[in-house]
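The following exercises are to be worked with the sequence and the three-dimensional structure in view. Each task is followed by a solution in steps.

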Amino acid sequence: MTAPFPTPKTDESQRLLSPEELEAALRDIGARRYHNLHPFHRLLHDGKLNKDQVRAWALNRYYYQAMIPVKDAAVLARMTDASLRRVWRQRIVDHDGDAPGDGGIERWLKLAEGVGFRRDYVESTQGILSATRFSVDAYVHFVKERSLLEAIASSLTEMFSPTIISERVAGMLKNYDFITKDTLAYFDKRLTQAPRDADFAIAYVKQHATTPELQRQAMDALTFKCNVLWTQLDALYFSYVAPGMTPPDAWIPGTGLVAEVAQAVGTGTIRSGDVPRLPRGVRLRHDEVRGQHVLLAPERTFDLDANAVAVLSLVDGQRSVRDIAGKLAETFAADRDVIEVDVLAMLNDLATKRVLER
Amino acid sequence: MNAITPNTPSLPAPVGLLAELTHRCPLRCPYCSNPLELDRRSGELDTATWQRVLTEAAGLGVLHVHLSGGEPTARNDIVEITRTCAELGLYSNLITSGVGGALAKLDALYDAGLDHVQLSVQGVDAANAEKIGGLKNAQPQKFAFAERVTQLGLPLTLNSVIHRGNIHEVEGFIDLAVKLGAKRLEVAHTQYYGWAYVNRAALMPDKAQVDQSIRIVEAARERLKGQLVIDLVVPDYYAKYPKACAGGWGRKLMNVTPAGKVLPCHAAETIKQLEFWYVSDHSLADIWANSPAFTAYRGTDWMQEPCRSCDRREKDWGGCRCQALALAGDAAATDPACSLSPLHSKVRELAKEEAAETPPDYVYRTIGSNVDRAAPPPLKEDAPL
């Protein structure tokens with residue numbers, strides 16, 4: 001059988017490595033080829049991507065997430081040992097959850113929604129890059145066609161993922177005001193799941209790669225998988241960073257998104273604990289001539305209904321959104337959480353129009 | 001006469017007052033919206049008269065006062081006038097070039113209660129900007145002014161008037177607005193009245209450039225959502241429907257010239273047969289309700305076809321009267337910017353032809369000298385261009 005990425009057959013490569021040497025060689029592959037080294041990921045972590053580029057990443061990466069259980073089911077189908085299957089099936093549970101609304105795919109959808117996408121648009125995968133689809137499908141085919149050892153070895157990128165996840169979460173929270181801790185909930189779980197999965201897989205590979213040929217296959221499988229991840233970022237970079245050549249039918253910024261207000265609630269700048277205020281140049285005023293309250297702002301006037309006046313009268317640069325909702329809940333004998341959603345929607349709408357700050 | 005309430009029951013109260021405090025300006029932009037015959041300093045209203053006008057405006061229902069010109073900071077009493085606005089609860093908007101004495105007066109304007117600053121920028125590249133504005137060393141003055149505005153915590157809007165001399169810089173204007181800390185940017189394609197009408201051939205961009213500028217703005221709006229609000233004014237000659245000029249004739253806006261003449265819009269004086277009243281002779285309320293210039297094209301009774309029976313007649317109010325006069329030779333005609341006007345295709349062709357020609361030199365705005373280029377004549381339905 002031909003290795004997918006031929007390596008020169010030196011004497012060294014034909015020597016049987018000790019299990020520890022094999023693990024070191026596998027880790028070395030990650031150190032050189034894992035996608036945390038990709039320029040697109042550096043831009044993502046360092047806050048250098050704009051909102052649409054982050055969206056493109058979330059949208060495309062969804063297809064990878066969605067196909068992981070398909071891949072793992074294919075691996076599972078090849079396992080004749082019940083004890084192996086019991087361990088491996090946990091991966092499918094982690095991704096699919098035990099019930100609707102649970103699991104890793106669901107959390108990725110939350111992330112995609114958090115950056116403004118409509119759920120149905122993301123699930124349709126109609127806007128993903130062909131390169132994403134080809135890479136992910138190649139991964140699924142690989143685990144079906146190659147040996148079980150190679151299939152398991154190809155999952156070993158999980159050894160490197162805790163580092164990238166910590167970097168990613170910290171970097172994204174710091175650099176993008178439209179990303180919240182809730183949006184990134186997917187990664188919280190993966191921080192514990194990935195090492196557990198990786199521990200099992202590396203132990204399996206160390207135990208079963210008992211000849212130089214099998215060890216070479218395991219290393220090639222991991223290299224292949226690194227390339228699956230790398231290629232997806234190449235395509236994102238090419239289409240959405242530089243030279244910006246988006247293929248026909250791929251997602252175009254501005255499409256597939258939820259309506260503006262809903263988006264402002266999910267990703268806007270004003271959150272429950274924030275203290276909103278009217279900046280200089282924005283004034284709430286009673287207009288005696290017309291008998292109504294208005295919000296005066298640069299080059300525009302907002303006519304306010306009674307609800308808007310009730311909210312804005314409580315915006316004093318002291319109260320948080322939560323406090324304002326609480327105060328209104330008292331006044332109107334209504335549920336604070338329900339009111340808070342409306343208050344956030346209204347305040348974020350005004351923030352988007354640059355007439356409210358925090 | 002009832003001094004406060006207009007005597008027409010259905011008449012809405014005006015929301016905005018454009019106070020053209022002076023026609024003096026250090027810049028000489030070839031698209032200036034001021035009339036070709038500019039008022040001289042000796043004819044300008046005094047401080048007390050402006051304060052009376054502002055008081056009357058507040059009583060009438062005006063909410064926003066746009067302190068404009070010319071360059072409003074060229075007036076020695078600009079701080080006093082701004083303070084009067086604040087005392088009356090009027091929202092004050094300083095529309096300035098940011099050059100000359102503007103920076104020196106800014107802190108005092110802030111202390112007087114100024115609400116908002118709209119700063120004009122003629123171009124992104126300094127040499128280009130200074131060629132358009134006709135003033136050397138204007139660009140660094142503008143940047144220094146903008147910096148002080150945001151330091152003070154005043155909201156800043158950048159206003160860029162777009163034409164063929166700077167339409168390639170639209171992306172740059174957006175970056176500049178972000179860099180200067182503006183909350184708003186106006187990407188306003190030139191409206192062809194006044195000086196811009198005379199200079200039309202030098203200013204008219206082509207359709208592809210206009211479309212490209214619109215795409216750039218739309219992409220930036222999405223990218224900069226919550227950071228920068230971008231208002232886009234598309235050029236009439238390439239539009240499908242006209243704009244509701246000043247929100248409809250005599251419906252929202254009053255414009256007081258430096259000499260105290262009250263207009264329904266800043267270009268209205270081009271309609272020679274209209275009779276304008278002065279603040280020295282009438283109260284603002286009286287002018288709003290009864291001045292022949294305001295009643296001439298208010299509402300829909302004056303309309304001809306196709307406006308008269310059009311579904312959009314209370315949306316765009318027939319478009320711009322001044323443009324109707326300039327292009328159709330009749331101020332009561334449908335604005336030829338409207339695709340329903342019989343002259344519309346000619347307007348399109350004319351824009352296309354002018355944009356394709358080598359642009360003539362600018363005729364710069366000046367006070368008290370003859371304009372050495374004739375304004376383009378009206379279009380005729382049957383005559384070839």
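**Exercise 1. A strand of chain B and its partners**

Tyr91(B), Asn93(B) and Ile95(B) point one way from S3(B), Ser92(B), Leu94(B) and Thr96(B) point the other way, and all are buried; a residue is buried if 20 or more other C-beta atoms, placed from the backbone, lie within 10 Å of its own, exposed if 12 or fewer, and partly exposed in between. The model is predicted: local features need pLDDT of at least 70, side-chain atom pairs count only at pLDDT 80 or more, and totals for chains, interfaces and linings use all residues. Residues are numbered from 1 along each chain as its sequence is written, while chains are lettered from A and ligands numbered from 1 in the order in which they are written.

Task: determine which strands pair with S3(B) and in which sense.

Solution.
- Step 1. Helices (H or I, at least four residues) and strands (E, at least two) are DSSP runs, numbered from the N terminus, and two strands pair if DSSP finds at least two bridges between them.
- Step 2. Strand S2 (residues 64–68) of chain B runs parallel to S3(B) and is joined to it by four bridges. His64(B) has Tyr91(B) as its bridge partner in S3(B).
- Step 3. Strand S4 (residues 116–120) of chain B also pairs with S3(B) in the parallel sense, over four bridges. Here Asn93(B) has His116(B) as its bridge partner in S4(B).
- Step 4. From S3(B) the chain crosses through helix H3 (residues 102–112) of chain B to S4(B) in a right-handed β-α-β crossover. Right-handed means that, with the strands pointing away from the viewer, the path from the first strand over the helix to the second runs clockwise.
- Step 5. A right-handed β-α-β unit is also made by S2(B), helix H2 (residues 78–87) of chain B and S3(B).

**Exercise 2. The sheet of chain A**

Task: state the order of the strands in the open sheet of chain A, and explain why one side of S1(A) and of S3(A) is left without a neighbour.

Solution.
- Step 1. The order is S1-S2-S3 in chain A, with antiparallel pairing.
- Step 2. Strand S1 (283–287) and strand S3 (300–303) of chain A stand at the edges with a single partner strand each, so one side of each lacks a neighbour in the sheet.
- Step 3. From one strand to the next, the twist averages 35°.
- Step 4. S1(A) is joined to strand S2 (residues 292–297) of chain A by five bridges, and His286(A) has His293(A) as its bridge partner in S2(A).

**Exercise 3. Two packed helices**

Task: describe how H6(A) and H11(A) pack.

Solution.
- Step 1. Helix H6 (residues 104–114) and helix H11 (residues 185–208) of chain A pack at an angle of about 145°, with their axes 8 Å apart. Axes are lines fitted to C-alpha atoms, for helices over the stretch in contact, and angles run from 0 to 180 degrees between N-to-C directions.
- Step 2. H6(A) contributes Gly104(A), Arg107(A), Trp108(A), Lys110(A) and Leu111(A), and H11(A) contributes Ala185(A), Tyr186(A) and Lys189(A). Residues are in contact if their C-beta atoms, placed from the backbone, lie within 7 Å.

**Exercise 4. Where the chains meet**

Task: find how many residues each chain gives to the contact.

Solution.
- Step 1. Chain B gives 22 residues and chain A gives 24 residues.
- Step 2. On the side of chain B, strand S3 (91–96) and helix H9 (207–223) are the elements that give two or more residues. H9(B) gives the most, with three residues.

Key
Contact = placed C-beta atoms within 7 Å.
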